[in-house]
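Open the structure in a viewer and keep the selection tool at hand. The stops below say what to select and what is there.

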Amino acid sequence: MPPETTGLHHVTAIVGDAQQNVDFYAGVLGLRLVKQTINFEDLLQHHLYYGNRTGDPGTVITAFPSPEADPGRIGKPQVSTAAFAIPPDSIDYWVDHLEAEGVDVFAGERFGESILAFSDPDGTPLELVATDTFVEPWTDGPIPREHAIRGLHGVTVLPANPYGTATVLETLGFDLVEESEDVVRYAVEDSSSPDSRRSVVDIDLSAAEFGREGTGTHHHVAVRMPDEDALHAWRAVFADRDYDVSRVKDRHYFHSLYVRGPGGVLVELATTSPGLTAGEDLAHLGESLSLPDWFEDDRDLIEQQLPTLELPRNQ
Ligand code: ZN
């Protein structure tokens, strides 16, 4: 079999207004806008990436702003929630901070971990999960270092067929680690990280309607792969199983393969290199529109069509 994944790479949502998205993810959640680029399948759409200082795989959430799109409906088969890790003692800070920003927050617990559930301005479901995992956070944003988000904790998925999604996760290297009446938790550890950092995927077993793609929904979840060879090898495995699988795509900052297994949830396999810092000065990452060479000829046209984004003042 091809190499197993070591954890999540990124999660991608469809949102409405691009500036509103920057104001929330950078200005309220305190993530770094690490990349302003375009949707490589639709040049006149932004693709915004947020993460830690260096936009490391496993810290990244991305957005396709689609101001003309209709609101989506959360349901199966979708990634229903993206969860970020925060330090164990930061729950109270985040409740106060989010409420001060006018965000409704719901406190809860899952498998012994404290969670705060809330939504972005488009209604995209998000969570903060208190854990002692450590990722070097972005500290030039509005959140003090001791409370800053420490990468992705995981996602919750609502599959059309839970067994189908479980099979895909197990094939990729995830293990079943916990189970309750409503949720089955899969996880994978990155043994190369200092604290064997864990990424989780919670399969939500509750009965749900079918969803509809649109603003306020997550589009896909991506897992890490070491290199392009691994993607080609996985493509052969998935094709052999008759899964709906894309060709290997050059996303400039990484290579990608998309697969929809029998659970119906769209999963991307993405390489860890060259990475989101490639070709941009780290000090000014994400401050202007970054395009791969093959789109540079169209830069004027693209820039005329897209709104100019302002970063939060303290970034
Ligand atoms: Zn993606």
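**First stop: a loop residue**

Begin with Ser90, which sits in the loop between strand 5 and helix 2. The model on screen is a predicted one. Is Ser90 buried or exposed? Ser90 has a relative accessible area of 1%, so it counts as buried. Now add Glu146 to the selection: 56 residues separate Ser90 and Glu146 along the chain, and their C-alpha atoms are 7.9 Å apart. Apart from neighbours within four places in sequence, Ser90 is in contact with Glu146 and His147.

**Helix 2**

Next select residues 91-100, which make up helix 2. Which residues of helix 2 are buried? Ile91, Trp94, Val95, His97 and Leu98 are buried there. An α-helix has 3.6 residues a turn, so residues three or four places apart point the same way. Show strand 5 (78-86), strand 7 (113-119) and strand 8 (125-130) as well, since these are included in what covers the buried residues of helix 2. After helix 2 comes Gly102, with a positive phi near 80°.

**The nonpolar cores**

Trp94 and Leu98 lead on to Leu29, whose contacts, leaving aside neighbours within four places in sequence, are Phe24, Phe84, Trp94, Leu98, Phe118, Leu126, Ile143 and Ile149. The largest nonpolar core has 62 residues, and the members that touch the most others are Leu29, Leu172 and Leu269. Helix 4 (residues 228-240) gives the most to this core, with 5 residues. A second core, separate from it, has 16 residues, among them Phe254, Leu285, Leu289 and Ile302. In soluble globular proteins, nonpolar side chains tend to be buried together.

**Aromatic pairs**

Now show the aromatic rings. How many aromatic pairs are there? The count is 10. One of them is Phe24 with Tyr25, an edge-to-face pair at 5.4 Å centre to centre and with 80° between the planes. Phe24 and Tyr25 are both buried. For a stacked pair, select Phe238 and Tyr243, where the centres are 5.8 Å apart and the planes differ by 20°. Phe238 has 0% relative accessibility and therefore counts as buried; Tyr243 is buried too, with a relative accessible area of 12%. Return to Phe24 and Tyr25 and add Tyr50 and Phe118: ring pairs link these four residues into a cluster.

**The zinc ion**

Select the zinc ion and its protein donors, His10 (NE2), His220 (NE2) and Glu268 (OE), which lie 1.9 to 2.1 Å from the ion. His10 belongs to strand 1 (residues 8-15) and His220 to strand 13 (residues 217-225); the two are 210 residues apart, and the pair links distant parts of the chain. Along the sequence, the spacing of the donor residues is H-x209-H-x47-E. His10 and His220 are both buried.

From His10, move to Ala270 in strand 17 (residues 266-271). Ala270 is at 0% relative accessibility, which means that it counts as buried. What does Ala270 touch, not counting residues up to four places away in sequence? The list is His9, His10, Ala222, Val223, Arg224, Met225, Leu231, Phe254, His255 and Ser256. To compare positions across the model, add Ile115: Ala270 and Ile115 are 155 residues apart in sequence and 27 Å apart in space, C-alpha to C-alpha.

**Pocket and cavities**

The last stops concern empty space. Rolling a probe the size of a water molecule over the atoms shows where empty space is left.

The largest pocket has a volume of about 310 Å³. It is lined by 20 residues, and those closest to its centre are Asn39, Glu41, Phe64, Arg251 and Tyr258. At least two lining residues come from each of strand 1, strand 2 (32-39), strand 3 (42-51) and strand 13.

How many cavities of 30 Å³ or more does a search of the whole structure find? The search finds 4. The largest cavity holds about 110 Å³ of space. To find it, select Thr165, Leu169, Val221, Val265 and Val267, which lie nearest its centre among its 16 lining residues. Helix 3 (162-172) and strand 13 are the elements that give two or more residues to this lining. Helix 3 supplies the largest share, 4 residues.

Notes. Residues are numbered from 1 along each chain as its sequence is written. This is a predicted model: local features need pLDDT of at least 70, side-chain atom pairs count only at pLDDT 80 or more; totals for chains, interfaces and linings use all residues. Side-chain values use heavy atoms; hydrogens and water are left out. Donors are N, O and S atoms within 2.8 Å of the metal (3.2 Å for Na, K and Ca); water is not among the atoms, so sites may look incomplete. Buried means under 20% relative accessible area, exposed over 50%, partly exposed in between (1.4 Å probe, protein chains only). A nonpolar core is a set of buried Ala, Val, Leu, Ile, Met, Phe, Trp, Tyr and Cys residues joined through side-chain atoms within 4.5 Å. Contact means heavy atoms within 4.5 Å. Rings of Phe, Tyr and Trp (its six-membered ring) pair if their centres lie within 6.5 Å; planes under 30 degrees apart count as stacked, over 60 as edge-to-face and the rest as tilted. On a 1 Å grid over the protein atoms alone, a cavity is a set of points where a 1.4 Å probe fits but cannot get out, and a pocket is an open set with protein on both sides within 12 Å along at least five of seven lines; lining residues have an atom within 4 Å of a point. Grid points are joined across faces, edges and corners, and a volume is the space filled by probe spheres set on the points.
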